[in-house]
Amino acid sequence: MSSHSFTPRLTLHDLRKLAATRKLAMLTCYDAGFAATLDAAGVDLILIGDSLGMVVQGHDSTLPVTVEHVAYHTACVARGAARPWIVADMPFGSFQASPEQAYGNAVRLMQAGSQMVKIEGGAEMAPTVEFLVRRGIPVCAHVGLTPQHVNVFGGYRVQGRGADAVNRLQAAAQSLQDAGAAMMVIEAVPEPVARGLAQSLQLITIGIGASAACTGQVLVLHDMLGAGTGRRPRFVKSFMAGADSIEAAVRAYVADVQAARFPGPEHVYAETPAA
């Protein structure tokens, strides 16, 4: 009999059970060393985000990231973390052409070590979500501010302001859930709108600049650690302040998310722009 200990990786069933008692803590991660730290600190979910294009590769958007990049970093993270549920981003251009294209690229990310893929977009992506789910690939949808649409939005702008925008967002979220998405990131949406989504949907909701009512929260690891330069979005909080190590900072983030102390009112957006 082997003497090695074994830590089972969390499943969707486990996440749903945990969410019935507390909030879920998610962070981005791109390498084995940080993945091990996040695992030790109690992070529930790790996202290999296409944000790696900006925080790792130095680009000014996520658009240059390829499937090969995400697969490489997913494999690194999967080797470093034993317990967290692993979600891999489908990068720009890897899923929009057809459901078949999305399936082929999703298979590559699943084979690299992810348990779920994340797809940005609204109701137009529902057929692709359904196609993947029917073939055994769990999907996390992503609505609100979707960074791959930065050139359409004219920058990184809060989404879901105004009655028409709210109606489109609500319809999109419902269609993605109906298509079989098991999880949904809601990004940069006014708090009352995000709260309404979180309360009306049955899937796991992950907020970022959205609402504390979401099932869980996510931040980019580098933002959470106060790394990098430039203007930080409203929803970012550095947890390194007062922490004596990176693991301590991550533990503080996890504790605040799980206890619904983060995000606070200062980290979410009002219904209308400030005067």
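The crossing of α4 and α5 is right-handed. In this predicted model, the two helices, α4 and α5 (residues 99-112), pack at an angle of about 25 degrees, and their axes lie 8 Å apart. Angles under 35 degrees count as roughly parallel, and α4 and α5 are therefore roughly parallel to each other. On the α4 side, the contact is made by Val67, Glu68, Val70, Ala71, Thr74, Ala75 and Ala78, which meet Asn105, Arg108, Leu109 and Ala112 of α5. Sorted by class, the residues of this contact comprise seven nonpolar, two polar and two charged.

Helix α4 (residues 67-80) also packs against α2 (residues 32-40), and here the axes come within 7 Å and cross at roughly 45 degrees. With that angle, α2 and α4 are therefore oblique to each other. The crossing of α2 and α4 is right-handed. Three alanines of α2, namely Ala32, Ala35 and Ala36, meet Cys76, Val77 and Gly80 of α4. The class count for the contact of α2 with α4 is five nonpolar, one polar and no charged residues.

Helix α2 has a further partner in α11. The axes of α2 and α11 come within 9 Å, with a crossing angle of roughly 50 degrees, and these helices are therefore oblique to each other. The handedness of the α2 and α11 crossing is again a matter of record for the reader who likes to check by eye: the crossing is right-handed. From α2, the residues Phe34, Thr37, Leu38 and Ala40 meet Ile246, Glu247, Val250 and Arg251 in α11. In this contact of α2 with α11, five residues are nonpolar, one is polar and two are charged.

Attention now turns to empty space. Rolling a probe the size of a water molecule over the atoms shows where empty space is left. The largest pocket holds about 980 Å³ of space. Its lining consists of 36 residues, and those nearest the centre of the pocket are Met54, Glu187, Asp223, Pro233 and Phe235. Two or more residues of this lining come from each of the elements α3 (52-55), β4 (116-120), β6 (183-187), β8 and α10 (221-224). By class, the lining of the largest pocket divides into 17 nonpolar, nine polar and ten charged residues.

As for enclosed space, the count comes to one cavity of 30 Å³ or more. The largest cavity contains about 30 Å³ of space. Around the largest cavity stand Gly207, Ile208, Gly209, Gln217, Val218, Leu219, Phe235, Phe262, Pro263 and His267. The elements that contribute two or more residues to this lining are β7 (204-208) and β8 (216-219). Strand β8 gives the most to the lining of the largest cavity, with three residues. The lining of the largest cavity has six nonpolar residues, four polar ones and no charged ones. Phe235 appears in both settings: this residue is among those nearest the centre of the largest pocket, and Phe235 also lines the largest cavity. Likewise, β8 gives two or more residues to the lining of the largest pocket as well as to that of the largest cavity.

Two details of the backbone complete the picture. Most residues other than glycine have a negative phi, and most peptide bonds are trans. A cis peptide bond joins Phe262 and Pro263, with omega at about 5 degrees. Both Phe262 and Pro263 belong to the lining of the largest cavity, and Pro263 lies in the segment after α11 (246-258). The other detail concerns Ala188, a residue other than glycine whose phi is positive, near 50 degrees. Ala188 sits in the loop between β6 and α9 (191-200). Strand β6 is one of the elements that give two or more residues to the lining of the largest pocket.

How values were computed. Residues numbered from 1 in each chain as written. Predicted model: local features only at pLDDT ≥ 70, side-chain atom pairs only at ≥ 80, totals over all residues. Heavy atoms only, no water. 1 Å grid on protein atoms, 1.4 Å probe; cavity = no way out; pocket = protein on both sides within 12 Å on 5 of 7 lines; lining within 4 Å. Points joined across faces, edges and corners; volume = space filled by probe spheres on them. Helix = DSSP H or I, 4+ residues; strand = E, 2+ residues; numbered from the N terminus. Nonpolar A, V, L, I, M, F, W, Y, C, P; charged D, E, K, R; others polar. Axes fitted to C-alpha atoms, helices over the stretch in contact; angles between N-to-C directions. Parallel < 35°, antiparallel > 145°, perpendicular 65-115°, else oblique. Left-handed = near helix turned anticlockwise from the far one by under 90°. Contact = heavy atoms within 4.5 Å.
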